[in-house]
Amino acid sequence: MLHTRTPPSLYIVAQHQKIQQVRLSKDDQDSVRLVAIESCVQLSRLLPSAARGNQILPVALRLSQDPCWRVRWSVAKNIANLCETLEKTTIEKLVLESYAKLLQDSEAEVRTSAAGSIARFSKFVSKNAILEKLIPCMNALVSDPSEHVRSALASEIMGMSSTF
């Protein structure tokens, strides 16, 4: 039976990068934190499943609540990519609530980015989760004051039809 494992040398590099990632996600400069989520996505592709949920996901979730709207925008833009590497139960238990908050963010740019990935994100959660968490957010976004948010949502709705 073949097992796919991360080669030891690659695992050591990933562990070192993970340590650096935690430091970068707490940096004083928002421009540094801005790119940290992209590193989270890349690291989660290298690390074993358990490490993704225990080590990478907490960093990403912290970034989703960052005081700087540009960092939250970056998380909203990359959240579906991160979900590709996570288990469905982890997404529903930990990521879904953060994503719903991004859809309700005070900044239109963050809501636009989150709405622009709603079809992809929906593929990683159950129909029940969509109905309970995402549809109420979508209902609010339909009448959002920003035309960019409404436009992003409109372009994604048809992409969700395959989920149902």
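These are my notebook entries on a predicted model of a single chain.

**Entry: confidence**

I looked up pLDDT before anything else. The chain averages 87, and 85% of the residues score at least 70. I then went through the elements. Helix α1, residues 8-25, has the lowest mean pLDDT among them, at 57. Helix α6, residues 108-115, has the highest, at 98.

**Entry: fold content**

I listed the secondary structure next. The chain has 9 helices and 0 strands. From the N terminus on, I read α-α-α-α-α-α-α-α-α. I also checked how the contacts spread along the sequence. Of those with a separation of 6 or more, 69% join residues 24 or more positions apart.

**Entry: burial and surface**

I asked how much of the chain is buried. Of its 164 residues, 45% count as buried. The exposed area of the chain is about 8,900 Å². Carbon and sulfur atoms supply 55% of that area.

**Entry: the core**

Which residues touch the most other members of the largest nonpolar core? I found Leu103, Phe121 and Leu134, in a core of 48 residues. I then noted which elements give two or more residues to this core. They are α2 (30-46), α3 (49-63), α4 (69-83), α5 (88-103), α6, α7 (118-122), α8 (127-142) and α9 (147-157).

**Entry: helix α6**

I went back to α6, the element with the highest mean pLDDT. Its buried residues are Val110, Arg111, Ser113, Ala114 and Ala115. I looked for what covers them. The cover includes α4, α5, α7, α8 and α9.

**Entry: Phe121**

I picked Phe121 from the core for a closer look. Phe121 counts as buried, at 0% relative accessibility. I left aside its neighbours within four places in sequence and listed the remaining contacts. They are Ile79, Ala80, Cys83, Ile91, Val95, Leu96, Tyr99 and Leu134. Leu134 is thus on this list, and Leu134 is also named with Phe121 among the residues that touch the most other core members.

**Entry: the aromatic pair**

I searched the whole structure for aromatic pairs and found 1. The pair is Tyr99 with Phe121. Why do I call the pair stacked? The ring centres are 4.0 Å apart and the planes stand at 20°, and planes under 30 degrees apart count as stacked. Tyr99 lies in helix α5 and Phe121 in helix α7, so the pair ties together parts 22 residues apart in sequence. I checked Tyr99 for burial too. Tyr99 is buried, with a relative accessible area of 0%.

Key
Residues numbered from 1 in each chain as written. Predicted model: local features only at pLDDT ≥ 70, side-chain atom pairs only at ≥ 80, totals over all residues. Heavy atoms only, no water. Helix = DSSP H or I, 4+ residues; strand = E, 2+ residues; numbered from the N terminus. Buried < 20%, exposed > 50% of the residue type's maximum accessible area, 1.4 Å probe, protein only. Contact = heavy atoms within 4.5 Å. Areas by Shrake-Rupley, 256 points an atom, 1.4 Å probe, with all protein chains shown as cover. pLDDT = per-residue confidence, 0-100. Core = buried A, V, L, I, M, F, W, Y, C linked by side-chain atoms within 4.5 Å. Phe/Tyr/Trp six-rings, centres within 6.5 Å; stacked < 30°, edge-to-face > 60°.
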